[in-house]
Amino acid sequence: MGYQEKKSYLQAILLRYVNADRSKKSAILNEFCAVCGYNRKYAIQLLKKKPVKEKKRAGLKPVYDKPALLEPLKQIWFTADQPCGKRLKPIIKLWLPSYESTYGSLAPEIRHRLLSISPATIDRLLKPIRATNKLKGRCATKPGSLLKSHIQIQFSHWDITRPGYVEADTVAHCGDSVAGRFAWSLTVTDIFTGWTENRAMWNKEGGLVYERISDIEKVLPFEVLGFDCDNGGEFINHALHDYFTKREKPVQFTRSRPYKKNDNAHVEQKNWTHVRNLFGYDRLDKKKTVVLMNDLYRNEWSLLQNHFMPSMKLKSKERIGAKYKKQYEPAKTPYERVLESDSVADTTKEKLQAIHATLNPFTLKKIIETKLVEIFKHIKVSSNVRQRL
């Protein structure tokens with residue numbers, strides 16, 4: 001007989017032994033020793049041992065384990081693409097009115113708990129359902145021409161305490177092969193505010209990149225003062241160089257050091273949050289998908305990311321021995337940082353506020369999912385064709 005069987009047998013006869021008279025206790029004891037093979041004195045100790053009471057949980061009673069609170073928390077978290085607790089905290093405050101208008105009003109107690117919950121508690125509650133994605137893509141950046149000798153390397157001499165200094169990068173939607181023609185995404189992000197715009201293009205010739213950047217510049221809520229990119233040929237070309245340097249008010253055109261991705265760290269991180277998180281790593285080799293991607297990029301995706309998705313900015317960085325101690329500013333949306341900036345015109349701020357008042361992040365997310373279904377239809381067709389070949 002194993003340990004668990006002996007333990008179960010003890011629990012079965014314990015109550016009977018306690019309530020029995022002297023003669024019956026002796027019989028139960030003899031039976032217990034015979035069945036389990038215990039010494040008589042040890043068996044008596046087991047039968048007389050008082051049951052251990054369960055210890056009460058130390059500290060305050062849990063207040064965030066109610067299903068009525070977890071449901072809106074998970075819904076907001078999933079709709080916001082599963083951010084960390086420090087980013088989800090300001091998202092809850094920003095999105096809660098839209099959540100109640102979409103899914104119904106919450107009880108005052110639940111609303112209060114959601115607004116007072118800490119980032120650490122958010123991470124603890126969502127840890128069991130947090131998803132991870134370890135997919136990696138391919139690098140398709142090729143060196144530019146000799147023109148790069150005329151474009152200086154950026155050594156952080158910009159005044160990034162105001163909007164207007166942007167970084168740019170491209171992402172290849174090539175799947176597992178860079179052969180042939182396929183769609184590309186261009187990402188332009190402002191260093192100070194985090195305001196990011198994306199555009200899709202078929203291949204990445206310099207002329208197409210120039211057109212997309214010109215289109216992006218028209219919708220930015222601030223004037224472009226500096227433009228930084230990597231050493232790819234799509235950026236290091238005469239069309240783009242002349243576009244920035246031969247205007248009435250020239251823009252500082254700089255490039256990163258070769259093979260130093262961290263020189264463009266602000267835009268590199270947006271390649272995941274704004275491109276890969278949206279389209280993944282599938283191959284987009286149908287030209288018609290570019291039109292659909294741009295329709296999504298220009299409208300719902302830009303509004304959702306810039307108006308409702310907070311990001312954290314590094315405040316200070318100190319090296320202590322072999323480790324770095326980093327401090328971050330509270331997470332804010334690009335829209336909030338634009339409103340706080342003194343460099344942005346009041347008329348521009350008023351237009352942004354009018355647009356913001358009409359938006360609902362849950363509605364935007366549903367439209368995005370509908371448009372993605374249409375785009376992924378072409379991806380499936382593309383995959384089936386390759387399988388038949």
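The following paragraphs examine a buried aspartate, the largest pocket, the salt bridges and a loop with unusual backbone angles in a predicted model.

The account begins with D190, a residue of strand β2, which spans residues 183-190. D190 is buried yet takes part in no salt bridge. The nearest side chain of opposite charge belongs to K313, at a separation of 7.4 Å. A salt bridge requires a side-chain nitrogen of Lys or Arg within 4 Å of a carboxyl oxygen of Asp or Glu, and the 7.4 Å to K313 therefore does not satisfy that criterion. The side chain of D190 does, however, reach the backbone nitrogen of Y165, at 3.3 Å. Y165 also appears among the contacts of D190 once neighbours within four places in sequence are set aside; the others are P163, G164, V166, W195 and F222.

Strand β2 also leads to the largest pocket, since this strand is among the elements that each supply at least two residues of its lining. The space in this pocket amounts to about 1400 Å³. Its lining comprises 48 residues, and those nearest the centre are R87, Q269, K270, W272 and T273. Which element gives the largest share of the lining? Helix α10 does, with 11 residues; this helix covers residues 265-279. Other helices that supply at least two lining residues each are α11 (288-308), α12 (334-340) and α14 (361-388). Strands β6 (314-320) and β7 (323-328) likewise supply at least two each.

Two of these helices, α11 and α14, are also joined by a salt bridge. Across the whole structure, 14 salt bridges are found. In one of them, K371 pairs with E300, and the closest N and O atoms are 2.8 Å apart. Because K371 lies in helix α14 and E300 in helix α11, the pair ties together parts that are 71 residues apart in sequence. E300 counts as buried, with a relative accessibility of 12%.

Two further pairs can be set beside this one. K246 forms a salt bridge with D242, with 3.6 Å between the closest N and O atoms. K246 is exposed, at a relative accessible area of 65%, whereas D242 is partly exposed, at 29%. In the pair formed by E340 and K332, the closest N and O atoms are 3.1 Å apart. Here both partners are partly exposed: E340 has a relative accessibility of 49%, and K332 has a relative accessible area of 27%. Beyond these pairs, salt bridges with shared partners join E197, R199, D215 and R298 into one network.

The final region is a loop, and the interest there lies in the backbone. Which residues of the loop between α4 and α5 are described here? They are D81 and Q82. The loop follows α4, which covers residues 67-79, and precedes α5, which covers residues 85-103. D81 has a phi near 65°, a positive value in a residue other than glycine. For Q82, phi is near 55°, again positive in a residue other than glycine. Are these residues buried or partly exposed? D81 is partly exposed, with a relative accessible area of 23%, and Q82 is partly exposed as well, at 28%.

Note on methods: Residues are numbered from 1 along each chain as its sequence is written. This is a predicted model: local features need pLDDT of at least 70, side-chain atom pairs count only at pLDDT 80 or more; totals for chains, interfaces and linings use all residues. Side-chain values use heavy atoms; hydrogens and water are left out. Helices (H or I, at least four residues) and strands (E, at least two) are DSSP runs, numbered from the N terminus. Buried means under 20% relative accessible area, exposed over 50%, partly exposed in between (1.4 Å probe, protein chains only). Lys and Arg count as positive and Asp and Glu as negative; His and the chain ends are not counted. A polar contact is a pair of N or O atoms within 3.5 Å; within protein, one must be able to donate a hydrogen and the other to accept it, and residues adjacent in sequence count only if both atoms are side-chain atoms. Contact means heavy atoms within 4.5 Å. On a 1 Å grid over the protein atoms alone, a cavity is a set of points where a 1.4 Å probe fits but cannot get out, and a pocket is an open set with protein on both sides within 12 Å along at least five of seven lines; lining residues have an atom within 4 Å of a point. Grid points are joined across faces, edges and corners, and a volume is the space filled by probe spheres set on the points.
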